[in-house]
Amino acid sequence: MKRITTYIINLPESIARRKYMEDLLSRYDFLKLEFIAAIDGRIMSQEEISSKFDIDEAYRRYGRRLNGGEIGCTLSHFKCYEKIMDSSESVALILEDDISIMRNLSKLDRSE
């Protein structure tokens, strides 16, 4: 069976959210879960942020300064993209740890 690597962005201290995601996705045996330690931009110094994130580009794109949580979220997604690029996977799924599933994900099953 071909399993889809599923990167789940989760702050390491958010144990309840991790459990929520494990429970939520447990019925989808075609997903291979990999938890990615989220970056908490709220605790990053300005120097750290400036070295890893283009504040001016974000301002041009969104018309406002992003807060630490938004910056951390963006950097966490980038962490996932790097993992995908370093892998041999042709398909991957990235989820945050606070999602709700509105439709059955079985349509993603590529095992047939």
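Modeller: Two strands pair if DSSP finds at least two bridges between them. Keep that in mind for this predicted model.

Colleague: How many bridges join E1 to strand E3, residues 92–96?

Modeller: The cut-off for pairing is at least two bridges. E1 and E3 run parallel, and the count of bridges joining them is 5.

Colleague: Which residue in E3 is the bridge partner of threonine 6?

Modeller: Threonine 6 lies on one side of E1, along with Ile4, Ile8 and Asn10. Its bridge partner in E3 is leucine 93.

Colleague: In what sense do E1 and strand E2 pair?

Modeller: E2 covers residues 31–37, and 7 bridges link this strand to E1. One of the partnerships joins isoleucine 4 to leucine 31 in E2. The sense of the pairing is parallel.

Colleague: What handedness does the β-α-β unit have?

Modeller: Its parts are E1, helix H1 (residues 15–25) and E2. The unit is right-handed.

Colleague: Are the two faces of E1 covered or exposed?

Modeller: Buried means under 20% relative accessible area. Of the 7 residues in E1 (residues 4–10), 7 are buried. Thr5, Tyr7 and Ile9 sit on one side, with Ile4, Thr6, Ile8 and Asn10 on the other. Both faces are covered.

Colleague: How many residues does the largest nonpolar core have?

Modeller: Its members include Ile4, Ile8, Met21, Leu25, Leu31 and Phe35. E1, H1 and E2 each supply at least two residues of this core. A second, separate core has 7 residues, among them Met44, Phe53, Leu66 and Leu75. The largest core has 11 residues.

Conventions. Residues are numbered from 1 along each chain as its sequence is written. This is a predicted model: local features need pLDDT of at least 70, side-chain atom pairs count only at pLDDT 80 or more; totals for chains, interfaces and linings use all residues. Side-chain values use heavy atoms; hydrogens and water are left out. Buried means under 20% relative accessible area, exposed over 50%, partly exposed in between (1.4 Å probe, protein chains only). Helices (H or I, at least four residues) and strands (E, at least two) are DSSP runs, numbered from the N terminus. A crossover is right-handed if, with the strands pointing away from the viewer, the path from the first strand over the helix to the second runs clockwise. A nonpolar core is a set of buried Ala, Val, Leu, Ile, Met, Phe, Trp, Tyr and Cys residues joined through side-chain atoms within 4.5 Å.
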